[in-house]
Amino acid sequence: MDNNSRLVYSTDIGRIQAEKPASVRSKIASDGIVRIQRQTSGRKGKGVCVITGIDADEQTLAKLAAELKKKCGCGGSVKEGEIEIQGDKRDLLKQLLEAKGMKVKLAGG
């Protein structure tokens with residue numbers, strides 16, 4: 001077999017899966033400051049607040065996001081280690097996160 005061929009099926013082991021990269025996104029070291037910014041790009045004009053800089057695993061982020069969504073009375077999600085909350089709730093989010101003992105900055109415009 002030459003180096004250019006792509007084997008997709010083998011009679012020995014069945015379908016061949018391509019090797020996936022270990023981790024596409026590496027964990028970025030945080031400076032301990034949680035940043036809240038408002039974004040509208042790529043969302044058809046709908047604004048969301050993106051919360052970054054929280055050093056926690058996916059389960060902890062999901063629990064925190066659920067709590068923030070409930071207290072803000074809106075929807076949201078966790079994507080790639082960032083929490084997205086629908087609408088412009090930056091001031092309320094800042095108060096809620098500071099009450100949890102986090103150092104918070106409002107980033108962007």
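**View 1. The exposed side of helix α1.** In this predicted model, Gln59, Lys63 and Lys70 are the exposed residues to look for here, on the side of α1 away from its buried residues. The helix itself runs over residues 58–72, 15 residues in total. From its first C-alpha to its last α1 reaches 21 Å, close to the 21 Å expected at 1.5 Å a residue. Just after the helix comes Gly73, with a positive phi of about 70°.

**View 2. The buried side of helix α1.** Flip to the other side of the helix and you meet Leu61, Leu64, Ala65, Leu68 and Cys72, which are buried. They sit on the same side of α1 because the arc they cover around the axis is only 105°. The general rule behind this kind of pattern: an α-helix has 3.6 residues a turn, so residues three or four places apart point the same way. What do the buried residues of α1 pack against? Their partners are three strands, β4 (48–52), β5 (76–79) and β6 (82–86), plus helix α2 (90–99).

**View 3. The largest nonpolar core.** This core has 18 residues. Ile51, Ile54, Leu68, Ile83, Leu93 and Leu97 are the ones with the most contacts inside it. At least two core residues come from each of β3 (33–39), β4, α1, β6 and α2. Helix α1 gives the largest share, five residues.

**View 4. Leu93 and its contacts.** Zoom in on Leu93, one of the core residues with the most contacts. Setting aside residues up to four places away in sequence, Leu93 touches Ile36, Cys49, Ile51, Leu68, Cys72 and Ile85. Two of these names, Leu68 and Cys72, are familiar from the buried residues of α1.

**View 5. Leu96 in helix α2.** Leu96 is part of α2. Is this residue buried or exposed? With a relative accessible area of 18%, Leu96 falls under the 20% cut-off, so Leu96 is buried. Apart from its neighbours within four places in sequence, Leu96 is in contact with Leu68, Lys71 and Cys72. Glu67 is worth finding too: Leu96 and Glu67 are 29 residues apart in sequence, with their C-alpha atoms 9.7 Å apart in space.

**View 6. Glu84 in strand β6.** Our last stop is a glutamate in β6, Glu84. Its relative accessibility is 10%, so Glu84 counts as buried. Which residues does Glu84 touch, not counting those up to four places away in sequence? The list is Arg43, Cys49, Val50, Gly75, Gly76, Ser77 and Lys79.

How values were computed. Residues are numbered from 1 along each chain as its sequence is written. This is a predicted model: local features need pLDDT of at least 70, side-chain atom pairs count only at pLDDT 80 or more; totals for chains, interfaces and linings use all residues. Side-chain values use heavy atoms; hydrogens and water are left out. Helices (H or I, at least four residues) and strands (E, at least two) are DSSP runs, numbered from the N terminus. The expected span of a helix is 1.5 Å times one less than its number of residues. Buried means under 20% relative accessible area, exposed over 50%, partly exposed in between (1.4 Å probe, protein chains only). The arc is that of the directions from the helix axis to the C-beta atoms. Contact means heavy atoms within 4.5 Å. A nonpolar core is a set of buried Ala, Val, Leu, Ile, Met, Phe, Trp, Tyr and Cys residues joined through side-chain atoms within 4.5 Å.
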